[in-house]
Each structure stands twice: as structure tokens, then as C-alpha cells.
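I wanted to get to know this structure by looking at its ligand, its open spaces and its odd bits of backbone. Here are my notes, in the order I looked things up.

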Amino acid sequence: MASQKHKLATRLIHAGVQPDPTTGAIMTPIYQTSTYVQASPGDHKGYEYARTQNPTRDVLQASLANIENGKYALCFGSGMAATDAVAKLLMPGDEVIVSNDLYGGTYRIFTKVFANYGIKFQFIDMHDAENIRNYVTGKTKMIWIETPTNPLLNVIDIEACAAISKAHNLILVCDNTFASPYLQNPLDWGADIVLHSATKYLGGHSDVVHGALVMNDAGLEERLRFIQNSCGAVPGPHDCWLVLRGIKTLHVRMQRHCENGEAIARYLRAHPKVDKVRWVGFEDHPNHAIAKKQMRGFGGMISFTLKDDNIDAALKVLEKTELFALAESLGGVESLIGHPATMTHASIPREDRVKNGLVDSLIRLSVGIEDMDDLIADLAQAIG
Ligand SMILES: *Cc1c(COP(=O)(O)O)cnc(C)c1O
């Protein structure tokens, strides 16, 4: 079994994984069971009921903790179920400071679900993390960031957020879905909880919906494990197995996502019909220095706007691509194209989204790991 002393590529394949003790099976079995037989009441092998513990899930949790440089991981039925569990740490009257450029579903659960329970969410610009200080009150309990952000690819300084969070005894949550542990480990920069939609890069094959939390603090793990078991949004063992299998190739996939992402970002930037291209790796990205500090590469997520900034012009491009499939989600081996204004971010009022740069012609690409030349040719014919 791999330990923290091994390099990431080794840990992605081996961390938490041991041959099955009963058969020697090299791959973790899918323990498809709801309960476990006890010799006498309470006399069991650590497994009582599968909402509480499942061996396949345990292996995935050990793997996730290791690859995020954390001590503990907890798995959930989706990224949103993981978000829901973290929000349940809060009480009526509490305040949360949230980055204003954020996954649409996260914005929705905060404003449409948890706001009804008397929790106040302040969505603010975190280009300069020091801005957070202006919003901390005696009631603030948590800072919630996503970096790079979805879909505008802004970068937030995790270390600077952690300094503010620690000074006020808050919990810093970092959604690391876009970067994946291959590019960034927020716990190393002082985050308290790392959140993943494993549906995306960790799973990597667009065949599973899954979420996870990783942390170092035993008290926080105990509270979140209590919520995981009490509320019950746990993943099934087959889904855990799919994520485990995905993780074994994360480094190989991410390397290609990064290479293809860079080539396409540079191609789009030179295109006469394209207005602005957002990609974390550009030297003139407003927070490129922070990206270079906290990330080991720049990934395959790109968004761009058209000089002809309207919904129809964007939809024409979306309908014409042949390899880039028009779909929500990201992080799979296949390339996807999406229109945040009418798809992932349709739940955000137009006025709010345009104010933050999420304009009508904004197109988001999740660059897959196909042949780079084929992908560029597809965009060329679609943009025209
Ligand atoms: C997809 C996504 C989520 C939600 O995860 P699900 O698995 O779809 O529930 C949260 N954050 C980010 C950044 C995402 O891309």
C-alpha cells in the first residue's frame, strides 16, 4: 500500500488499496450489501449497516484522503450532497462569505435551500482575497471558495483566504473540482475542508455522479461523519468502485487535459471572431502569479466570448461542433461544450451573472483527451 512518502502517480494507483483479504483479488471488490452478520449483538468486524460503513467506500475514502494530502475523507452520493453536508454544520443566524463566481448548483442550494433556514450568504468578489476582511462580522462562520472558478476561470489565493479564516476562527471550504488533486491540494495552503464533485475529473469518464470531502481535523471529521450517516446521502458501492477506478488514471488524463487545454486556449485567442479567452495558464491572466504559486498546471477548462456577443451567435457555435458534445458537466475524457447562461448558470438572474462577467455569448469548454488537431479543426469549422 502506498503512503504519503510516495509520489502522486504512485499514490493515485495504490493509496488505500490492498488485495482483498478473502480472495487476494487485486481490485477492490464491490461489497453490494446493505447489512453485515454479527456473531452476537455488537460482535461484528466494524461493519453494521451499509449507510454507516461499506468496505468499498472505505477504500475510496482512504484513497481520497491520501491524494488530497489529508487525514480523512467522506464520500457522498453527489457533489451537491457533499455541499449539503458541509452547510449542515451551520446554525440559523450564521453567515457565510462565498466567492461570487461559483458553480450554479452551489449558488442555488445556498440561496434557495439554506437561506430559508436563516443562514446568510454573502457573495463577494475575491480577486483580491483581502476583500473578504470587509465582510467578516461576529456572526461569520465559514468562507466558501471555488478556484479556479466556474465558468469564469478566476483564481483565488487559498493561502490568503486561510490566513483570514484562521484569524477569525472560521471554516475555510475549498471546492477543488476544477483543479483536481493532480493540479492543486488546498489543504496544503490552509483550507479546512476540500470538496469534490467526483463526477468530474476524479471519476473522469462521465459515467458516475459522486461527491467527497477531505479534511485534517478530527473534530470536523466526526461532525461531518455524523451528518453523512444521519442524513444518509451516501454513494452506493458500485459508484465508489467507479471513482476508485477513475482515480488510477487521473495523472495520465490530467496531463493530456492540460496539453490540449493550452493548445486550444492559444488557438482561440488568435481567432478573429473570438473576443476574450479565459484560461488560467495565460501569463496575463489577472491572477496568474497566484495560479503559478498554488497550482502545478493549468488544466483543460476554458471559456471564451464572441465579438458578436449574443445568445444566438453562441448557440450557432454550440450546435455546429461535432466532437465537442453539447452537454452539462466537465472533466470527462471526451470534450464537452456548454453555454452557462442558458445551461449550468440559468438559475442565476441575468443581471447578477452579466455583472460578474458571465455574458450572453460566453461558451465553456471542457477539453477532453482526444487528438489535439482534431479538436482544433472541430472548433475552427464551428466558429467559422
Ligand atoms: C458539478 C459541480 C458540483 C456539483 O457536483 P454534482 O456531482 O453534480 O452534484 C459542485 N462544484 C463544482 C465546481 C462542480 O463542477
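**Entry 1: ground rules.** Before listing any contacts I fixed what counts: a polar contact is a pair of N or O atoms within 3.5 Å. I also noted that this is a predicted model.

**Entry 2: contacts to the ligand.** I started with T199, where a polar side-chain atom sits 2.7 Å from a ligand oxygen atom. That distance falls inside the 3.5 Å limit, so I wrote T199 down as a polar contact. S197 also uses a polar side-chain atom, at 2.8 Å from an oxygen atom of the ligand. G79 does it through the backbone: one of its N or O atoms there is 2.9 Å from a ligand oxygen atom. Next I checked how well the ligand is wrapped. On its own it has 380 Å² of accessible area, and the protein covers 93% of that.

**Entry 3: who else is around the ligand?** Which residues make up the shell? I found S78, G79 and M80, then Y103, E146, D175 and T177, then S197, T199 and K200, and finally H210 and L330. Sorted by class, the shell has three nonpolar, six polar and three charged residues.

**Entry 4: the ligand's pocket.** Which pocket does the ligand take up? I looked, and the ligand's space turned out to be the second largest pocket. Its volume is about 340 Å³. I counted 24 lining residues, with Y103, S197, T199, K200 and S329 nearest the centre. So S197 and T199 turn up again here, having already shown up with side-chain atoms by ligand oxygens, which I read as contacts because both distances are within 3.5 Å.

I then asked which elements build this lining. Helix α3 (79-87) and strand β6 (193-197) each give at least two residues. The top contributor is α3, with three. By class, the lining of this second largest pocket splits into seven nonpolar, 11 polar and six charged residues.

**Entry 5: the largest pocket.** How much space is in the largest pocket? I got about 510 Å³. This pocket is lined by 24 residues, and D20, P21, Y31, Y47 and P55 are the ones nearest its centre. Its lining has 13 nonpolar, seven polar and four charged residues.

**Entry 6: closed spaces.** I searched the whole structure for cavities of 30 Å³ or more and found two. The largest cavity holds about 50 Å³. Its lining includes P148, L153, F178, A179 and L183, along with M295, F298 and M301. G299 and G300 line it as well. What classes are these residues? I noted eight nonpolar, two polar and no charged.

**Entry 7: backbone oddities.** Most peptide bonds are trans, and most residues other than glycine have a negative phi, so I went looking for exceptions. The bond joining T147 and P148 is cis, with omega about -10°. P148, already on my list for the cavity lining, is in the loop between β4 (140-146) and α5 (158-167). Another cis bond runs from N150 to P151, with omega near 5°. P151 belongs to the loop between β4 and α5 too.

Last, I checked phi. Is the phi of S180 positive or negative? It is positive, near 70°, and S180 is not a glycine. I placed S180 in helix α6, which spans residues 180-183.

Definitions and conventions: Residues numbered from 1 in each chain as written. Predicted model: local features only at pLDDT ≥ 70, side-chain atom pairs only at ≥ 80, totals over all residues. Heavy atoms only, no water. Near = heavy atom within 4 Å. Polar contact = N/O pair within 3.5 Å; in protein donor to acceptor, adjacent residues only side chain to side chain. Areas by Shrake-Rupley, 256 points an atom, 1.4 Å probe, with all protein chains shown as cover. 1 Å grid on protein atoms, 1.4 Å probe; cavity = no way out; pocket = protein on both sides within 12 Å on 5 of 7 lines; lining within 4 Å. Sits in = over half its atoms within 2 Å of the grid points. Nonpolar A, V, L, I, M, F, W, Y, C, P; charged D, E, K, R; others polar. Points joined across faces, edges and corners; volume = space filled by probe spheres on them. Helix = DSSP H or I, 4+ residues; strand = E, 2+ residues; numbered from the N terminus.
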